[in-house]
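Q: I am new to reading protein models, and I would like a close look at a single part of this one. Please start from one residue and then work outwards to the rest of the chain.

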Amino acid sequence: MVFKGKWLVDNGCFHHITRNKNLFISSFFFKKKYGIVTIGDNRARLVIGNGVIDNDSHRIKDVYFVKNFSFNLLGVSQLCVIGYDVMFD
């Protein structure tokens with residue numbers, strides 16, 4: 001699976017996160033405060049939206065939109081729940 005832009009596969013995050021609102025399918029983006037996420041250095045970031053991203057052949061649901069986030073993250077546990085196999089070599 002390849003997504004537009006740079007994405008990091010993270011086995012420690014609980015949610016998919018992007019900083020790029022343009023990746024969301026507009027009819028599947030819901031802007032509201034979903035709480036906060038805490039990153040590795042214990043800094044909190046406000047989640048201001050949630051939705052679906054589409055990259056032509058793959059759709060990923062429940063992606064958090066977090067402004068000023070440093071990376072786009074794909075959560076391994078979330079990928080496994082929806083049926084993907086994730087292997088590290």
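A: Let us begin with Asp62, which has 44% relative accessibility and therefore counts as partly exposed, since that class covers the values between under 20%, called buried, and over 50%, called exposed. The model is a predicted one, and within this predicted model Asp62 lies in strand 5, which covers residues 59-65. What draws attention to Asp62 is its backbone, for its phi is near 55 degrees, a positive value in a residue other than glycine. Most residues other than glycine have a negative phi.

Following the chain onward from strand 5, we come to the loop between strand 5 and strand 6, and Asn68 lies in this loop. Asn68 also has a positive phi, of about 60 degrees, although it is not a glycine. As for its surroundings, Asn68 counts as exposed because its relative accessibility is 69%, a value over the 50% that marks the exposed class.

Ser70 lies in the loop between strand 5 (59-65) and strand 6 (73-75) as well, and with a relative accessibility of 42% it counts as partly exposed. Ser70 also shows how the fold brings distant stretches of sequence together, for Ser70 and Thr18 are 52 residues apart in sequence, yet their C-alpha atoms are 8.9 Å apart in space.

A second pair of this kind involves Phe65, the residue at which strand 5 (59-65) ends. Phe65 and Leu23 are 42 residues apart in sequence and 9.8 Å apart in space, again from C-alpha to C-alpha. Leu23 itself lies in the loop between strand 2 (16-18) and strand 3 (24-38), and although it is a loop residue, its relative accessibility is 15%, so Leu23 counts as buried.

Stepping back to the chain as a whole, we find 1 helix and 6 strands, arranged from the N terminus on as β-β-β-β-β-β-α. Among the contacts in the chain with a separation of 6 or more, 56% are between residues 24 or more positions apart. The C-alpha trace spans about 35 × 30 × 20 Å along its principal axes. A compact globule of 89 residues would have a radius of gyration near 12 Å, and because the chain has 12 Å, its value agrees with that expectation.

Of the 89 residues in the chain, 37% are buried, while the accessible surface comes to about 6100 Å², with 52% of it belonging to carbon and sulfur atoms. The charged side chains comprise 12 positive and 7 negative ones, and the centres of these two sets lie 14 Å apart.

Finally, the cysteines deserve a careful look, because a disulfide is counted where two cysteine sulfur atoms lie within 2.5 Å, and by this rule the count comes to 0 disulfides. Cys13 is in no disulfide, as the nearest cysteine sulfur, that of Cys80, is 12 Å away. Cys80 is likewise in no disulfide, with the sulfur of Cys13 as its nearest cysteine sulfur. The two residues also fall into separate accessibility classes: Cys13, at 11% relative accessibility, counts as buried, whereas Cys80, at 40%, counts as partly exposed.

Methods:
Residues numbered from 1 in each chain as written. Predicted model: local features only at pLDDT ≥ 70, side-chain atom pairs only at ≥ 80, totals over all residues. Heavy atoms only, no water. Helix = DSSP H or I, 4+ residues; strand = E, 2+ residues; numbered from the N terminus. Buried < 20%, exposed > 50% of the residue type's maximum accessible area, 1.4 Å probe, protein only. Rg over C-alpha atoms; globule rule 2.2 N^0.38 Å. Contact = heavy atoms within 4.5 Å. Areas by Shrake-Rupley, 256 points an atom, 1.4 Å probe, with all protein chains shown as cover. Lys, Arg positive; Asp, Glu negative; His and termini not counted. Charge placed at Lys NZ, Arg CZ, Asp CG, Glu CD.
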